[in-house]
Amino acid sequence: MARDQRTNRRIRAREVRVVGPAGEQLGVLSLEAALDRAQSEGMDLVEVNPMAKPPVCKIMDYGKFKYEEKKRASEAKKKQVVVHLKEVKLRPKTEEHDYEFKVRNVRRFLEEGNKAKVTIMFRGREITHKELGSAILDDVVKDLKDVAVVEQSPRMEGRQMFMIIAPNPKVAARARELARQQAAAAEKAEAGGRNQVVVASKPEGQADVKPAALVPAPMVAVPAQQTGSTK
C-alpha cells in the first residue's frame with residue numbers, strides 16, 4: 001500500500017470495488033454504500049488501489065493497520081546490519097608495532113561486518129616516494145587476505161594515498177548472521193520482560209493460615225562487660 005492512502009470521506013470516486021475485512025469480494029458499490037458498510041463493521045474504508053477502474057477499497061481498522069506497519073518497520077530496522085566505514089591512518093615510516101596494532105583493529109572491524117579506509121599520509125619530501133605507500137597498502141592486503149577484499153584500489157588524493165577494503169562474502173555473511181541472532185535474542189528478552197507477570201495465589205483447598213500471636217522471647221541475663229581495671 002502507499003503511505004498516503006485516502007480513507008473514508010477523503011475518497012473521491014463515486015463508485016468503488018470493495019474488499020471486506022476478511023478479504024472477501026463485496027463487488028462494486030457506491031461510495032455512500034461502501035462507507036455505510038464500513039461504518040456498520042466499526043472500521044474504515046481505505047483506498048488501496050486508486051489507479052484501478054473503479055478504485056479498489058478495503059474495509060479495515062486503519063489505525064491498527066498503521067500501528068502494525070510501524071511496528072514491522074521498527075523490527076526490520078533492528079535486524080538490519082549497519083555497515084560503518086572506519087579510517088586507519090599510516091605513515092610511510094610507520095613503525096612495526098604501530099602497524100601491527102592498527103592492522104589488528106582493522107581485522108576486528110572487518111569481522112564485525114564493516115569496511116575500512118586505509119590511508120597513507122605523506123609529509124614533506126615523502127611525497128616523492130609514493131612506492132613506499134603502495135608497499136604498505138600491499139602489506140595490509142596480504143595480512144588481511146583471509147578476511148578482506150579490496151573494494152576500491154589505491155589512489156592518490158592530494159598528499160594522501162588510500163584504499164577501501166571490505167569483509168569477504170564469508171565474513172560478511174557471518175557478521176550478518178551474528179547480528180540477526182543478537183537482534184532475535186534482544187527481542188526475545190524484551191518480550192519476556194513485558195510478558196512476565198508474577199501472581200501470588202493460594203493453592204486450591206488450602207485453608208487460610210493466620211499469623212501466630214507474638215510471644216515475647218524469654219529474657220536472658222547477659223553479664224555486663226567490664227571496662228577498666230579491678231582492684
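1. Start at the strand 1–strand 2 pairing: Val19 has Gln25 of strand 2 as its bridge partner. A bit further along, Arg17 sits opposite Val28 in strand 2. Keep in mind that this is a predicted model. The two strands, with strand 1 covering residues 15–19, pair in the antiparallel sense over five bridges.

2. The link between them is worth a look in the viewer. Strand 1 and strand 2 make a hairpin, with five residues between them. Gly23 is in that turn and has a positive phi of about 90°.

3. Strand 1 also pairs with strand 4. Here the two run parallel and are joined by three bridges. To find the pairing on screen, pick Val18, which stands opposite Cys57 in strand 4.

4. Now the whole sheet. It is open, has four strands in the order 2-1-4-3, and its pairing is mixed. Strand 2 (25–30) and strand 3 (44–49) are the edge strands; each has a single partner, so one side of each is left without a neighbour in the sheet. On average, neighbouring strands are turned by 35° against each other, direction ignored.

5. What lies across this sheet? Helix 1 (residues 31–40) does, and the strands it lies across are strand 1, strand 2, strand 3 and strand 4 (56–60). Against strand 2, helix 1 runs at about 130°.

6. Don't skip Thr7, in the segment before strand 1. Is Thr7 buried or exposed? Its relative accessibility is 14%, and the cut-off for buried is under 20%, so Thr7 counts as buried. Setting aside neighbours within four places in sequence, Thr7 is in contact with Leu45, Val46 and Tyr62. Leu45 and Val46 fall within strand 3 (44–49), one of the edge strands.

7. Over to another pair of strands. Strand 5 (residues 85–90) and strand 6 pair in the parallel sense, with six bridges. One of the pairings to check is Lys89, whose bridge partner in strand 6 is Thr119. Strand 6 (residues 115–121) is mostly covered, with six of its seven residues buried.

8. Ile136 is a handy residue for getting your bearings in helix 4. Its relative accessible area is 12%, which makes Ile136 buried. Leaving out neighbours within four places in sequence, Ile136 is in contact with Leu90, Arg91, Pro92, Tyr99 and Ile120. Take Leu90 from that list: Ile136 and Leu90 are 46 residues apart in sequence, yet 8.5 Å apart in space, C-alpha to C-alpha.

9. How do helix 3 and helix 4 cross? The axes of helix 3 (residues 96–111) and helix 4 (residues 130–143) come within 11 Å and cross at roughly 50°. That angle makes helix 3 oblique to helix 4. The crossing is right-handed.

10. Which residues make that helix 3–helix 4 contact? From helix 3 there are Tyr99, Val103 and Arg107, and from helix 4 there are Ile136, Asp139, Val140 and Asp143. By class, that gives four nonpolar, no polar and three charged residues. Ile136 and Tyr99 turn up again here, having already been named as in contact with each other.

Methods:
Residues are numbered from 1 along each chain as its sequence is written. This is a predicted model: local features need pLDDT of at least 70, side-chain atom pairs count only at pLDDT 80 or more; totals for chains, interfaces and linings use all residues. Side-chain values use heavy atoms; hydrogens and water are left out. Axes are lines fitted to C-alpha atoms, for helices over the stretch in contact, and angles run from 0 to 180 degrees between N-to-C directions. Angles under 35 degrees count as roughly parallel, over 145 as roughly antiparallel, 65 to 115 as roughly perpendicular and the rest as oblique. A crossing is left-handed if the near helix is turned anticlockwise from the far one by less than a right angle, and right-handed if clockwise. Contact means heavy atoms within 4.5 Å. Ala, Val, Leu, Ile, Met, Phe, Trp, Tyr, Cys and Pro count as nonpolar, Asp, Glu, Lys and Arg as charged, and the others, Gly among them, as polar. Two strands pair if DSSP finds at least two bridges between them. Buried means under 20% relative accessible area, exposed over 50%, partly exposed in between (1.4 Å probe, protein chains only).
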